[in-house]
Amino acid sequence: MVQGIIFDLDGVIVSTDDCHYRAWQRMADEEGIPFSRGVNERLRGVSRMDSLDIILERAKRSYTQEEKTAMAARKNAYYIELIGKLTPADILPGALDALERLRRRGLRIAIGSSSRNTPLILRQIGLENAFDAVADGNQITRSKPDPEVFLLATRLLGLAPAECLVVEDADAGVEAALAGGMKALGVGSAAANPRATYRARDLAALDLESILK
Ligand code: BG6
Ligand code: MG
């Protein structure tokens, strides 16, 4: 029986894809590193430093650890400028309704996100008090597909992994949920992932009753 739902944040609750894309693009342009929406897709669910390593696969030279730390910090400064403009209007279709229905059924709800900007984003969209637990990139050392962030969320909820369902838009996140012994619902970019336990186009298209029965 599912008793807890752990939501990924970026691409599930809020649309930050374009902000990540524009911030990485700005940094890559300044460095003369080729970057595209295709590469950006590979960054879904991946931590900031691991994302930078993927971008640097196309760089003409290698970068020192100090340079990489500075580049990631620069990208994050650009990203923070952009997410400073997020409002509750950026909450994705069906998300608020799903949260309310889950609450009414007495389920526990959490965030499980790789993003270190999770607290800031939740404040921007007015959901800082909407979850029973928040596990994010500030509290973990291993990025999805490692299950660390979701296992932390289950512990914070006081539930066993087998009692939890993870909602994810990243294939890496679906793998993380399964590796941690949880069920996975793929939405958005993961809506066609055959590994996901359940699939839906987005939270608006989700038939919650059939998953929770
Ligand atoms: C994930 C995003 O939620 O957070 C990734 O899908 C991003 O694209 C990662 O790289 C880390 O985010 P941040 O905000 O800590 O740079
Ligand atoms: Mg995501």
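The points below go through this predicted model, from its domains to its ligands and then to a few single residues.

1. Domains. The domain assignment divides the chain into domain 1, which is made of 4-15 + 88-212, and domain 2, which covers 17-83. Their C-alpha centres lie 24 Å apart, and the contact between them takes 15 residues from domain 1 and 13 residues from domain 2.

2. The magnesium ion. Ligand 2 is a magnesium ion whose protein donors are D8 (OD), D10 (O) and D169 (OD), at distances of 2.0 to 2.1 Å. Along the chain these donors follow the spacing D-x1-D-x158-D. Distant parts of the chain are linked in this way, since D8 belongs to the loop between β1 and α1, while D169, 161 residues apart from D8, belongs to the loop between β4 (164-168) and α8 (171-179). D8 counts as buried because its relative accessible area is 4%, and D169 is likewise buried, with a value of 2%.

3. The site of ligand 1. Ligand 1 is surrounded by 15 residues, of which the closest are D10, V46, S115, R116 and N117; D10 has already been named as a donor of the magnesium ion. Three side chains place polar atoms by oxygen atoms of ligand 1: N117 at 2.7 Å, R48 at 2.8 Å and S51 at 3.3 Å. On its own ligand 1 has 390 Å² of accessible area, and the protein covers 96% of that area.

4. Helix α3. One of the residues just mentioned, S51, is among the buried residues of helix α3 (residues 48-56), and the others are L52, I54, I55 and L56. The elements that cover these buried residues include α1, α2 (37-41) and α4 (65-83).

5. Residue T16. This residue is found in the loop between β1 (4-7) and α1 (17-31). T16 counts as buried because its relative accessible area is 0%. Leaving out residues up to four places away in sequence, T16 touches D10, G11, Y79, I83, L86 and I121. Two of these can be placed by the domain bounds, with D10 in domain 1 and Y79 in domain 2.

6. Residue K144. The loop between β3 (133-135) and α7 (148-157) holds K144, which is buried, with a relative accessible area of 3%. The side chain of K144 makes a polar contact with the side chain of E168 at 2.7 Å, and the side chain of K144 also reaches the backbone oxygen of G112 at 3.2 Å. Apart from neighbours within four places in sequence, the residues in contact with K144 include D8, G45, S113, S114, V149, F150 and A176. Through D8, this list leads back to the magnesium ion, for which D8 is a donor.

7. Residue A179. Is A179, in helix α8, buried or exposed? A179 counts as exposed because its relative accessibility is 55%, and a residue is called exposed over 50%. Setting aside residues up to four places away in sequence, A179 touches P145 and P147. A179 and P145 are 34 residues apart in sequence, and their C-alpha atoms are 7.9 Å apart in space.

Note on methods: Residues numbered from 1 in each chain as written. Chains lettered and ligands numbered in written order. Predicted model: local features only at pLDDT ≥ 70, side-chain atom pairs only at ≥ 80, totals over all residues. Heavy atoms only, no water. Helix = DSSP H or I, 4+ residues; strand = E, 2+ residues; numbered from the N terminus. Buried < 20%, exposed > 50% of the residue type's maximum accessible area, 1.4 Å probe, protein only. Contact = heavy atoms within 4.5 Å. Donors = N, O, S within 2.8 Å, 3.2 Å for Na, K, Ca; no water. Near = heavy atom within 4 Å. Polar contact = N/O pair within 3.5 Å; in protein donor to acceptor, adjacent residues only side chain to side chain. Areas by Shrake-Rupley, 256 points an atom, 1.4 Å probe, with all protein chains shown as cover. Domains from an automatic or database assignment.
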